[in-house]
Amino acid sequence: MSGTTREPRPANRTAREFEKVYGYPPEGVWAAPGRVNLIGEHTDYNDGFVLPFALPQRTEVAAARRADGMLRLHSAYVPSGVVTLEVTGLDPAHPPQGADRWTGYPAGMVWALLDAGLPAGGADLHIRSDVPTGAGLSSSAALETATGLALTELYGIPLTRSALAVLARRAENAYVGVPCGIMDQMASACATEGHALHLDTRTLEQRHIPFDCASAGLRLLVVDTRVTHDLADGAYAQRRASCRAAAESLGIPTLRDLPYPELEQALGRLTDPVQRRRVRHVVTENERVARVGELLSAGRLRETGRLLTEGHTSLRDDYEVSCPELDLAVSTADAAGAYGSRMTGGGFGGSALALIDVDAEPEVTRALAEAFRRAGFAPPHVMAAEPSAGAGRIR
Ligand code: GLA
């Protein structure tokens with residue numbers, strides 16, 4: 001409880017900052033990563049398949065219980081100080097707005113735990129993160145997941161990682177008001193180091209497929225276009241609605257229930273050309289997840305490249321969620337020698353990924369900088385991504 005545990009001075013920076021803010025040391029520090037989706041885009045809300053992996057970048061939450069039912073939130077990035085809320089007063093009908101909007105993620109997580117009838121309570125939290133925000137790399141899922149893990153472990157709530165991810169998604173859908181699927185929270189909660197997470201988003205069945213680029217002489221670059229996206233924007237919800245409508249017209253529960261071999265025949269039964277394109281993307285994308293999964297399992301990493309670029313074309317032309325910066329990142333990386341590349345995440349901005357030979361990194365990075373400069377776009381931020389560990393307690 002707050003003020004009752006006295007530990008030696010903590011070494012972790014987030015813990016140190018917690019102590020500065022609240023005047024006593026935290027009971028622990030929990031971390032959850034951002035994610036990159038290798039393939040399987042806009043399939044999760046269609047009950048389909050995804051193949052993300054966790055980034056080394058993560059959000060840390062230093063936390064301690066409070067006996068008085070108050071939730072105090074502090075972020076290393078928000079100068080306005082500690083935000084104090086009453087746990088029993090958390091209300092999804094009145095999510096925080098404006099400068100305090102960020103508190104909706106941790107507060108929503110606490111609300112989701114309580115709403116599920118779980119015995120969470122008050123807490124002091126301090127948050128620090130190196131997951132880029134607005135880059136399509138799931139900084140929100142990282143914050144929800146780290147908060148959820150902190151609260152469940154502090155209050156001795158036995159939840160599986162999948163169950164935690166489900167509640168984190170509920171926080172985002174119902175409290176923050178973003179209609180996302182389950183992929184990001186599952187990746188942050190369940191991914192393992194050196195593996196991609198093959199996830200059936202209907203059953204939440206997981207397969208951890210070894211994904212070791214380095215020993216194959218390969219590198220995955222993440223190209224943050226610095227174009228910010230906002231999933232709360234109507235376009236994401238519109239895509240969901242049009243998939244739902246198409247499934248209804250086809251008489252199936254979700255587009256996951258349309259097998260790839262039956263795609264052409266089903267397209268013939270849809271009259272709306274937009275719905276036809278959306279369906280073609282979702283069904284071919286599920287098929288690409290299966291094929292990339294098989295190639296990874298067989299250690300044939302380079303051969304996944306072609307499917308990545310095919311996936312991008314489908315997102316650009318059929319699903320229409322790309323943007324000029326993402327298209328330029330993909331065409332430039334491919335022309336500079338990448339095995340394949342694609343936008344990753346919800347789209348309309350954010351990041352692309354490119355699978356390259358380790359040796360090609362300087363050339364691909366240079367080509368990207370040059371192409372963006374010529375197009376008059378802000379310089380992209382390029383980093384290498386290694387499949388890293390999912391959420392956990394770090395002290
Ligand atoms: C966002 C959402 C995910 C998923 C992707 C698109 O990242 O949070 O649930 O729908 O877009 O694949």
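Contact here means heavy atoms within 4.5 Å. The structure is a predicted model.

**The whole protein**

Start with the overall build. The protein has eleven helices and 13 strands. Its radius of gyration is 21 Å, close to the 21 Å that the globule rule gives for 395 residues, so the protein is as compact as a globular protein of that length. Along the principal axes, the C-alpha atoms fill a box of roughly 65 × 50 × 40 Å. Of the 395 residues, 56% count as buried. Now take the contacts with a separation of 6 or more: residues 24 or more positions apart account for 72% of them.

**Two domains and a pocket**

The chain is divided into domain 1 (13–208) and domain 2 (210–384). The contact between them takes 38 residues from domain 1 and 45 residues from domain 2. Their C-alpha centres lie 26 Å apart.

Where does the largest pocket lie? Both domains give residues to its lining, so the pocket lies between them. Its volume is about 890 Å³. The lining has 41 residues, and the closest to the pocket centre are Tyr105, Thr133, Gly134, Ser139 and Ser140. By type, the lining divides into 19 nonpolar, 15 polar and seven charged residues.

Strand E6 (122–129), helix H3 (139–154) and helix H5 (183–190) each supply at least two lining residues. Which element gives the most? H3 does, with four residues.

**Helix H2**

Helix H2 covers residues 104–115, and ten of its twelve residues are buried. Among the buried ones are Gly104, Tyr105, Pro106 and Trp111. Tyr105 has already appeared, as one of the residues closest to the centre of the largest pocket.

What covers the buried residues of H2? The cover includes strand E4 (70–75), strand E5 (83–86), E6, H3 and helix H4 (161–176). E6 and H3 thus come up again here, after supplying residues to the pocket lining. Just after H2, glycine 117 takes a positive phi of about 80°.

**Two buried residues**

Next, look at threonine 43 and aspartate 200. Is each one buried or exposed? The cut-off for buried is under 20% relative accessible area. Threonine 43 is at 0%, so it is buried. Aspartate 200 is at 7%, so it counts as buried too.

| Residue | Place | Relative accessible area |
|---|---|---|
| Threonine 43 | loop between strand E1 (28–37) and strand E2 (49–50) | 0% |
| Aspartate 200 | strand E7 (residues 195–200) | 7% |

The contacts of these residues leave out neighbours up to four places away in sequence. Threonine 43 is in contact with Gly48, Phe49, Val50, Thr201, Val282, Glu285 and Asn286. Aspartate 200 touches Asp47, Gly48, Phe49, Glu205 and Arg256. Gly48 and Phe49 are on the list for threonine 43, and they are on the list for aspartate 200.

One distance completes the picture of aspartate 200. Threonine 332 is 132 residues from aspartate 200 along the chain, and their C-alpha atoms are separated by 32 Å.

Technical notes. Residues are numbered from 1 along each chain as its sequence is written. This is a predicted model: local features need pLDDT of at least 70, side-chain atom pairs count only at pLDDT 80 or more; totals for chains, interfaces and linings use all residues. Side-chain values use heavy atoms; hydrogens and water are left out. On a 1 Å grid over the protein atoms alone, a cavity is a set of points where a 1.4 Å probe fits but cannot get out, and a pocket is an open set with protein on both sides within 12 Å along at least five of seven lines; lining residues have an atom within 4 Å of a point. Grid points are joined across faces, edges and corners, and a volume is the space filled by probe spheres set on the points. Ala, Val, Leu, Ile, Met, Phe, Trp, Tyr, Cys and Pro count as nonpolar, Asp, Glu, Lys and Arg as charged, and the others, Gly among them, as polar. Domain bounds come from an automatic or database domain assignment. The radius of gyration is taken over C-alpha atoms; the globule rule is 2.2 Å times the number of residues to the power 0.38. Buried means under 20% relative accessible area, exposed over 50%, partly exposed in between (1.4 Å probe, protein chains only).
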